[in-house]
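Here are my notes after a pass through this one. Have the structure open while you read them.

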Amino acid sequence: MFAFLQVYSIQAVLPVMMVDFSATEVQAGMIVGATVLAIAIMSPFLGMLSDAVGRKSFIVGALLFLAIPTALIAQSSSIEWVGIWRFMQGLSVPGITVVTIAYIGEEFEGRAMTDLMSFYVSGSVLGGFMGRFLMGHLHELIGWRDGYYVMTAMTLLGAIWVGNMLPSSRHFEANPNFRSAIQTLGEHVTNRYVVTACLLGACVLFSLVGCFTFINLHLADKPYELGTGALANIFAVYLLGVIITPLSTTLLRRFGSARTVRVAIIISMIGVLLTLVTPLWGVIIGLAVMSSGVFITQSATISYIAVNVKKGRSLASGLYYMGYYTGGTLGGWLGGIAYARGQWSLTVWLLLFVQVLALLIASFGMIKTTRRAT
């Protein structure tokens, strides 16, 4: 939750920042994508480093580092400086997310691991909502610059919380051998489980970033003309993911990852289409349906890796997040181009195209595995 508190918080104040810095739609998309790009770059390397160093200390250190660029965003004098500090935020996020997934995979197994992966996704969903919701309302109360100082304080509190509450690893075995890590990397990039999950993850975050970044510009424009507080409230649809994601474990156990992912993608496509309707309530329903499908897909894909990859779990998670956040970077960039040229309607067709790709990947790439009784 504390990691994802910062990743997308900027989306709620994006229309205001565009005015303050005279930024274009493409620049707005790129400052959202800057954090995502850094996460994509760093995920495999921090995974390898964590395999050698450990889990808990890495997670706490990454949270402490995350607070620094978060505070510096408040002092930005241009859109370019915002982008630099957003990129710096992304350098630390994999130290929390990737390492936590590896921690769960090592400390738990069977049904407990599947359940905890779904709770992990719920935490990330809650963090994504809280970041957008708090920043939107903080801007209305004290302005976005002071709002980022509040977010910095929350991140530091998160580091203290995790340091005190997260149990130390019991089953971690250090692997400081760099040559062994490179060999494992070579095995992973030819592993069908890992490659399929990476491609699916790229499509998932492309859709999420493209949708929730540019729907803000759409709803801030006529005929809706929503302010930052109202836009922040729209993100309450994210809370559905906190409820739905743990329930998705029932679907996974009954139908398996491949079938669950296909159904979830179709649900997400229906949601994207619903955002084309004019009434605001219809757009909100569309966002709720779309995000629910995305969260189920993400939970199923992460579980797919955790269950099927036994060696170099942290590195496998890192590669997944590299693909996942590369998709998010492209979603911010290509979504900005689509919105600048054809407003929200063209952005929707771009999102649908990517979701069709995801459906094809899930249909032909995912291996149907036997479900374990544990």
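1. Surface first: the protein exposes about 14800 Å², and carbon and sulfur atoms supply 69% of that. Keep in mind that this is a predicted model.

2. On the overall fold, I count what the assignment gives: 14 helices and zero strands. The radius of gyration is 19 Å, close to the 21 Å that the globule rule gives for 374 residues, so the protein is as compact as a globular protein of that length. Along its principal axes, the C-alpha trace spans about 55 × 40 × 30 Å.

3. As for packing, 57% of the 374 residues count as buried. Take the contacts with a separation of 6 or more: 83% of them are between residues 24 or more positions apart.

4. Have a look at α6, residues 94-107. How many of its residues are buried? The count is 14 of 14, so to speak of this helix as mostly covered is fair. Its length checks out too: at 1.5 Å a residue the helix should span 20 Å, and its end C-alpha atoms are 19 Å apart, which agrees.

5. Back on the outside, there is a nonpolar surface patch of about 550 Å², made by I266, I270, L274, V277, W281 and I285. Helices α12 (239-274) and α13 (280-308) each supply at least two of the patch residues, with α12 giving the largest share, three residues.

6. Where does V277 sit? This patch member is found in the loop between α12 and α13. V277 has a relative accessible area of 33%, so it counts as partly exposed.

Note on methods:
Residues are numbered from 1 along each chain as its sequence is written. This is a predicted model: local features need pLDDT of at least 70, side-chain atom pairs count only at pLDDT 80 or more; totals for chains, interfaces and linings use all residues. Side-chain values use heavy atoms; hydrogens and water are left out. Helices (H or I, at least four residues) and strands (E, at least two) are DSSP runs, numbered from the N terminus. The expected span of a helix is 1.5 Å times one less than its number of residues. Buried means under 20% relative accessible area, exposed over 50%, partly exposed in between (1.4 Å probe, protein chains only). Patches are made of residues with over 30% relative accessible area and no salt bridge: like charges are joined within 9 Å, nonpolar side chains (Val, Leu, Ile, Met, Phe, Trp, Tyr) within 5 Å. Accessible areas come from the Shrake-Rupley method with a 1.4 Å probe; for residues, only the protein chains shown count as cover. A salt bridge is a side-chain nitrogen of Lys or Arg within 4 Å of a carboxyl oxygen of Asp or Glu. The radius of gyration is taken over C-alpha atoms; the globule rule is 2.2 Å times the number of residues to the power 0.38. Contact means heavy atoms within 4.5 Å.
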